[in-house]
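Reader: Hi! I'm new to reading protein structures, and I'd love a close look at just one part of this one. Could you pick a spot where two helices pack and walk me through it?

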Amino acid sequence: MREVAFIKQNKQKWLDFEHAIFGKAKKNPDEMASLYIHLVNDLSYAQTYYPKSKTVVYLNYLASQIYQKIYKTKREEKNRLVYFFSTEVPLLVYQYKRYLKYAFILFFASVAIGVVSAKYDENFVRLILGDSYVNMTLENIKEGNPVAVYKSGSNWGSFIGITLNNLYVGARCYIYGVFGGIGTFLVLIQNCIMLGSFQYFFYQQGVFWQSVSGIWIHGSMEIFGMVIEAGCGFILGASILFPKTYSRLNSFKIGFKDSLKIFLSTIPFTIAAGFLEGFITRYAIEMPGWLNVVIILGTLSIIGFYFLVYPTFVFKKLNPPT
């Protein structure tokens, strides 16, 4: 489409945006969020086909103004927390979904590297996990409980210690994105290679199912959350490396605010994973197999739905087809 036709087609819509932005038309937060998504789509189109045009500058200005309108003058909700999780975060996840996709691709690739490395190098697992941990696990396998390590310590002590550690790992995965995403890349690939080699180690010892039924009771939320946190790190890194039409500083500010909100949304899942690991995983071997499966699939479904399915639902709800 020629630029003139593009402007003519969308001129009235952009004027409506101006009215909404500068107070000539009253819009509620959901309507403002919907306008913002539409405007970002137009801006992306213009940046692709008319990169040096004044249209890009104009749309970029409108987008920055409506963004400020949404997040600075938005009315207080009766329950701000509900709005944050039900609308604000899902819209951001939808907007930045490509970075989450990159994180999942890296996750599966890194786990595969760990599996292949453990398969063809018998010393790889000891190199990654350490001799003492491997020897302890082998002893636990001989005693009939491959995941006995999760029985150490008290319920509350394990829950608090594990949760704090997982929050620390997740924070590193996110904050290290400030180094152009390279820090996030290294943290994620290290943890995922460890995961892949660890799981293959149990497979080699003939206790794969016992390990899965124990580890993934809490691991579904813990690992999934870590991947989302890595996606947040990539968003942060991209805001520095690819400012587009923003100044690098303004791009970083926007990227930091958006990625931080997504990161904060993972914290309840990290806490839930810590609770499961501290109170439930220790009984994995004694529990019926069907109960293990229900917990694993249930936790995976909850976090998977929230980050992979629900954002599209919210976006379509706020942007019905014309």
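Author: Here is a walk from the overall layout to one helix pair and the cavity beside that pair's residues.

Keep in mind that this is a predicted model. Let's start with the big picture: the protein has 12 helices and zero strands. Read from the N terminus, the elements go α-α-α-α-α-α-α-α-α-α-α-α. Along the principal axes, the C-alpha atoms fill a box of roughly 75 × 40 × 30 Å.

Now for the pair. Two packed helices are described by the angle between their axes and the distance between those axes. Our two are H7, residues 131-142, and H9, residues 182-204. They pack at an angle of about 35°, and their axes sit 12 Å apart. The crossing of H7 and H9 is right-handed.

So which residues in H7 and H9 actually meet? From H7 come Tyr133, Val134, Thr137, Leu138 and Ile141. Facing them from H9 are Phe198, Phe201 and Phe202. Sort the residues of this contact by class and you get seven nonpolar, one polar and no charged. The polar one is Thr137, since Thr is not on the nonpolar or the charged list.

Next, have a look for empty space. The structure holds two cavities of 30 Å³ or more, and the second largest has about 30 Å³ of space. What lines that second largest cavity? Its lining is made of Tyr133, Thr137, Pro146, Val147, Val149, Tyr150, Phe198, Phe202 and Ile215. H7 and H9 are the elements that give two or more residues to this lining. You've met some of these names already: Tyr133 and Thr137 in H7, along with Phe198 and Phe202 in H9, are among the residues of the helix contact and also line the cavity. By class, the lining has eight nonpolar, one polar and no charged residues.

If you're wondering about charged residues, go to another part of the chain. Side chains of opposite charge can pair when their charged atoms come close. The count of salt bridges comes to four. One of them joins Lys13 and Asp42, with the closest N and O atoms 2.9 Å apart. Lys13 lies in helix H1 (residues 3-21) and Asp42 in helix H2 (residues 29-49), so this pair ties together parts that are 29 residues apart in sequence.

Terms used:
Residues are numbered from 1 along each chain as its sequence is written. This is a predicted model: local features need pLDDT of at least 70, side-chain atom pairs count only at pLDDT 80 or more; totals for chains, interfaces and linings use all residues. Side-chain values use heavy atoms; hydrogens and water are left out. Axes are lines fitted to C-alpha atoms, for helices over the stretch in contact, and angles run from 0 to 180 degrees between N-to-C directions. Helices (H or I, at least four residues) and strands (E, at least two) are DSSP runs, numbered from the N terminus. A crossing is left-handed if the near helix is turned anticlockwise from the far one by less than a right angle, and right-handed if clockwise. Contact means heavy atoms within 4.5 Å. On a 1 Å grid over the protein atoms alone, a cavity is a set of points where a 1.4 Å probe fits but cannot get out, and a pocket is an open set with protein on both sides within 12 Å along at least five of seven lines; lining residues have an atom within 4 Å of a point. Grid points are joined across faces, edges and corners, and a volume is the space filled by probe spheres set on the points. A salt bridge is a side-chain nitrogen of Lys or Arg within 4 Å of a carboxyl oxygen of Asp or Glu.
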